Amino acid sequence: MVEQTGGTRKLFFGSPGGEMEPYRAVERLLQDAGIDATLSDRILRDVWTKFIFIDAISAVTSMHGVTIGTVLATPQLRGLYVQLLGEVQTLAGKLNVGLPDTVVEQSVERAAAFPPDTKTSMQLDVERKSRTELDTMMGYVVRKGKELGIPTPQHARAYQALSSLAG
């Protein structure tokens, strides 16, 4: 049994190759179970659209111990957030993920839609000294950037800083 207690409660799934028909039965099964499931023919774009947002906002809130509202209201933190978003956007472009050109602005707008006192789940994990997604988010961007020759200096700083804080 899986129970989601917060968030948008939407499930996007699909094949990286865009095939739809083999997965229609799964979509029906999920929807018949009351799950707001959408079969996507652009699942990599959808996953990266969520990844870019979560990765960057988690880095800033976790490193600085502040809420999403504070990130957006503080010019230096907002600037760092936008730089982190830009690094992921560049990486995604090199990987031909298909993110829209406006993904950075969309991500900032998405953050602004949260209540200002919201903490990210990674930030809560850092505060509890629990296991985090550090390696699968910031660590991935740093490693993939090195592999592809894309500089990710803000991610490298975040990864290093959070490595000493995370459990």
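**View 1. Packing of helix α4 against helix α7 in the predicted model.** Helix α4 spans residues 75-94 and helix α7 spans residues 135-148. Their axes lie 11 Å apart, at an angle of about 50 degrees. This angle falls outside the ranges for roughly parallel, perpendicular or antiparallel pairs, and α4 and α7 are therefore oblique to each other. The crossing of α4 past α7 is left-handed.

**View 2. Residues at the α4 and α7 contact.** On α4, the contact uses Val88, Leu91 and Lys94. On α7, Tyr140, Val141, Lys144, Gly145 and Leu148 take part. Sorted by class, five of these residues are nonpolar, one is polar and two are charged.

**View 3. The largest nonpolar core.** This core holds 35 residues. Trp48, Tyr81 and Met138 touch the most other members. At least two core residues come from each of α2 (43-64), α3 (68-73), α4, α5 (103-112), α6 (121-128), α7 and α8 (153-165). A separate second core has five residues, among them Phe13, Met20, Ala37 and Leu39.

**View 4. Surroundings of Tyr81.** Leaving out residues up to four places away in sequence, Tyr81 touches Phe53, Ala56, Ile57 and Val60. Its other contacts are Val71, Leu72, Ser107, Val108 and Ala111.

**View 5. Thr152 in the loop between α7 and α8.** Thr152 has a relative accessible area of 7%, so it is buried. Residues up to four places away in sequence aside, Thr152 touches Glu87, Val141, Val142 and Gly145. Val141 and Gly145 also belong to the contact of α7 with α4.

Terms used. Residues numbered from 1 in each chain as written. Predicted model: local features only at pLDDT ≥ 70, side-chain atom pairs only at ≥ 80, totals over all residues. Heavy atoms only, no water. Axes fitted to C-alpha atoms, helices over the stretch in contact; angles between N-to-C directions. Helix = DSSP H or I, 4+ residues; strand = E, 2+ residues; numbered from the N terminus. Parallel < 35°, antiparallel > 145°, perpendicular 65-115°, else oblique. Left-handed = near helix turned anticlockwise from the far one by under 90°. Contact = heavy atoms within 4.5 Å. Nonpolar A, V, L, I, M, F, W, Y, C, P; charged D, E, K, R; others polar. Core = buried A, V, L, I, M, F, W, Y, C linked by side-chain atoms within 4.5 Å. Buried < 20%, exposed > 50% of the residue type's maximum accessible area, 1.4 Å probe, protein only.
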